[in-house]
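Thanks for coming. I have one structure to go through today, so let me put it on the screen.

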Amino acid sequence: MSAHDPTPHVFRKAGTADFVTAIDATVAGSDAEPDRYEFVLKHEDTQSRYSMIDMVLSRTFDSAPGHSHRQHSETFYMVSGEMEWTVEGETQILGPGDLVFVPPFAHHIGRTVGDESPRVLLIWEPAGWEVGMVESAGLTAEQRADSEFMAEFRVRNDTYL
């Protein structure tokens with residue numbers, strides 16, 4: 001395909017996208033619920049314009065102390081459940097039909113509130129969130145414990161604490 005060819009269209013039936021599950025390393029116990037990330041649109045689907053991820057987060061999900069991205073924006077659209085979002089110090093509880101847009105450089109934190117695992121659609125622009133998530137899901141305990149490795153991993157994936 002040349003640079004002048006249009007982006008090919010994509011049909012993707014429910015349940016057919018690639019996905020990963022991950023358990024937050026800060027949650028103790030073998031009964032911790034995994035988060036599920038389904039890659040509805042990947043970078044190769046959109047000529048690297050954006051990625052779309054259908055996330056079902058655990059009831060214990062908490063991204064504190066938060067982070068920011070220098071090159072990426074994120075839009076989180078709440079499908080079900082409730083989450084508390086803090087962006088640049090402003091906090092709101094969001095439920096079904098609500099969204100939060102997080103521009104580059106904005107510090108943000110998300111956490112589940114209530115007893116329901118929230119389902120959230122994430123639009124990551126420009127694309128590529130799924131690449132880092134696949135790598136993250138495959139990290140060993142030794143890699144996660146290596147602060148130098150994790151600092152480089154976060155920079156490579158545009159995540160700054």
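I will take the two sheets and then the largest pocket.

This is a predicted model, in which local features need pLDDT of at least 70 and side-chain atom pairs count only at pLDDT 80 or more, while totals for chains, interfaces and linings use all residues. Residues are numbered from 1 along each chain as its sequence is written, and side-chain values use heavy atoms, with hydrogens and water left out.

Start with the sheet of 6 strands. It is open, with antiparallel pairing and the order 1-2-3-9-4-7. Strands here are DSSP runs of E with at least two residues, helices are runs of H or I with at least four, and both are numbered from the N terminus. Two strands pair if DSSP finds at least two bridges between them. Strand 1 (19-22) and strand 7 (99-102) are the edges; each has a single partner strand, so one side of each has no neighbour in the sheet. From one strand to the next the twist averages 20°. Angles run from 0 to 180 degrees between N-to-C directions, and axes are lines fitted to C-alpha atoms, for helices over the stretch in contact.

Look at strand 4, residues 73-80, which is antiparallel to strand 7 and joined to it by 4 bridges. On its other partner, strand 9, the count is 7 bridges, again antiparallel. Phe 76 stands opposite Val 100 in strand 7 and opposite Leu 122 in strand 9. Thr 75 stands opposite Phe 101 in strand 7.

What packs on this sheet? Helix 1 (residues 129-137) does, touching strands 1, 2, 3, 4 and 9, and its direction makes about 150° with that of strand 2. Contact means heavy atoms within 4.5 Å.

The other open sheet has 3 strands in the order 6-5-8, with antiparallel pairing. Strand 6 (90-94) and strand 8 are its edge strands, each pairing on one side only. Here the twist averages 15° from one strand to the next. Strand 5 and strand 8 are joined by 6 bridges, and Trp 85 has Gly 110 in strand 8 as its bridge partner.

Last, the pocket. The largest pocket holds about 1,200 Å³ of space. A pocket is an open set of points on a 1 Å grid over the protein atoms alone, where a 1.4 Å probe fits, with protein on both sides within 12 Å along at least five of seven lines; lining residues have an atom within 4 Å of a point. Volume is the space filled by probe spheres set on the points, which are joined across faces, edges and corners. Among the residues closest to its centre are His 67 and Met 133.
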